[in-house]
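Here are my notes on the model you sent, set out as numbered points for reading beside the coordinates. They begin with a single lysine and move on to charged pairs, backbone geometry and helix packing.

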Amino acid sequence: MLKLGVGACIVGSPVRYSGDAKRHNPFMDSVASVAELVAFCPEVSIGLGVPREPIRLVDEEGQVRVKDSSTQTKDFTNKLQKAAQSFLQRNTDLSGYILVKGSPSCGTERVKVYNENGNVSHHKGQGGFVAELLRIEPLLPVEEDGRLNDARIRENFFVRAYVYRDWKELQHDEMTAHRLITFYSQYKYLVMAHDIPAYKEIGRLLAEAGKVDIAVLSAQFINLLMLSLKNPAKRSGLTNTMQHIRGYLKRTISSIEKVDVDRCIDDYRTGLVPLVVPMKMLQHLFNVHPNPYIRSQVFMSPYPEELRLRNNI
Ligand code: SF4
């Protein structure tokens, strides 16, 4: 099962500085049905009460610190960093984290930063807790709850979280060139859909497997893989990938089926139907005409259907 960290205030805990929880996001109910959610409030964990005085990011001679908002003299940065360290130690199998927009602890980007006089200096900050999470695990997929309302961002977050989960599971046994290549072979079409240059680069990189240090190669590989998936796949990339996959059916399906599936893919290309429609048709055709290579492709089913992630993209 997928294990995700989640800001406690997103899932109903009244732990915000004001003593409230955030407004319920119905999408989190479907997430909870497929994932183990580890709800955590870093500010409460470091002993700040509820309700409490808000904290803020303060730029001190180029160093961003987390401070109290009234005097900007109490510094919580180190405590938040320790909270992130111990959270990751307790949850080594974490596959992603859903965080909270604008928070000086949990905001992933564009958090307000004040100057030493107490005026807003810029909006390019990152919360103290999440900054430490990503310093320790830079590839950990993170997203803010509000951004998950965007269908493409939401789909992309879950693609990355499931890939990251599988990568962590692969680490349980000793890495070999064979295991690395077998692992990647399932992701080829997923990467093709997101990023063709990365698809070629990973191919070149893995051609070195067996000739170079496997630990170095694995680190380069997972960096490239996670980076290639970071941007949501475009309609053109998804169409191209489905056409490649459809090529495996050219000798097995009837001419009527060929017309139907090609039209279905084209209807997706032109925006007439969502991704789920041609994918359902491809899945059906490969159920009738099985192909072990296509069955192994994560692209065919990258996450549980209950999340309905392909219904709106
Ligand atoms: S610290 Fe994070 S989890 Fe806690 S209330 Fe603030 S945004 Fe929510």
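1. I would begin with K168, which sits in helix α5 (residues 151-170) of what is, it should be said at once, a predicted model. K168 counts as buried because its relative accessible area is 15%, and the cut-off for buried is under 20%. Leaving out residues up to four places away in sequence, K168 touches T92, D93, L94 and E137. L94 is 74 residues from K168 along the chain, yet the C-alpha atoms of the two are separated by 8.7 Å.

2. As for the protein as a whole, its secondary structure comes to 13 helices and 8 strands, and the C-alpha trace spans about 75 × 45 × 30 Å along its principal axes. Of its 313 residues, 48% count as buried. Among contacts with a separation of 6 or more, 66% are between residues 24 or more positions apart.

3. A second charged residue that deserves attention is R56, which is found in strand β3 (residues 55-60). Which side chain of opposite charge is nearest to R56, and how far away is it? That side chain is E53, at 7.4 Å, and R56 has no salt bridge although it is buried. What the side chain of R56 does have is a polar contact of 2.7 Å with the side chain of Q72. If neighbours within four places in sequence are set aside, the residues in contact with R56 are R65, V66, K67, D68, S69, Q72, P104, Y114 and G118.

4. The loop between α2 (42-45) and β3 contains P51, and the peptide bond that joins V50 to P51 is cis, with omega at about -10°. Anyone inspecting the backbone ahead of R56, which belongs to strand β3, may wish to look at this bond between V50 and P51 as well.

5. The structure holds 14 salt bridges, and a few of them can be described individually. One of them pairs R165 with D166, with 3.1 Å between the closest N and O atoms. Another pairs D266 with R269, where the closest N and O atoms are 2.7 Å apart. D266 and R269 are separated by about one helical turn, because they stand 3 residues apart in helix α11 (residues 255-269). Both ends of this pair count as partly exposed, since D266 has a relative accessibility of 30% and R269 has one of 44%.

6. A further salt bridge joins the side chains of E305 and K280, at 2.8 Å from N to O. This pair links distant parts of the chain, for E305 is in the segment after α13 (292-295) while K280 is in helix α12 (residues 276-288), and the two are 25 residues apart. K280 counts as partly exposed, its relative accessibility being 41%. Elsewhere, E109, R110, E143 and R147 are joined into one network by salt bridges that share partners.

7. Two arginines should be checked for their backbone angles. R110, which also takes part in the network just described, has a positive phi of about 55° although it is not a glycine. R110 lies in the loop between β5 (96-99) and β6 (111-114), and with 55% relative accessibility it counts as exposed. R308 likewise is not a glycine but has a positive phi, here of about 50°. R308 is found in the segment after α13, where it is exposed, with a relative accessible area of 55%.

8. The last point concerns a helix pair. Two packed helices are described by the angle between their axes and the distance between the axes. For helix α8 (residues 196-206) and helix α9 (residues 214-228), the angle is about 170° and the axes are 10 Å apart. At that angle α8 is roughly antiparallel to α9, because angles over 145 degrees count as roughly antiparallel. How do the two helices meet, and which residues does each of them bring to the contact? From α8 come A198, E201, I202, L205 and L206, and these meet L217, Q220, F221, L224, L225 and S228 in α9.

Methods. Residues numbered from 1 in each chain as written. Predicted model: local features only at pLDDT ≥ 70, side-chain atom pairs only at ≥ 80, totals over all residues. Heavy atoms only, no water. Helix = DSSP H or I, 4+ residues; strand = E, 2+ residues; numbered from the N terminus. Buried < 20%, exposed > 50% of the residue type's maximum accessible area, 1.4 Å probe, protein only. Lys, Arg positive; Asp, Glu negative; His and termini not counted. Salt bridge = Lys/Arg side-chain N within 4 Å of Asp/Glu carboxyl O. Polar contact = N/O pair within 3.5 Å; in protein donor to acceptor, adjacent residues only side chain to side chain. Contact = heavy atoms within 4.5 Å. Axes fitted to C-alpha atoms, helices over the stretch in contact; angles between N-to-C directions. Parallel < 35°, antiparallel > 145°, perpendicular 65-115°, else oblique.
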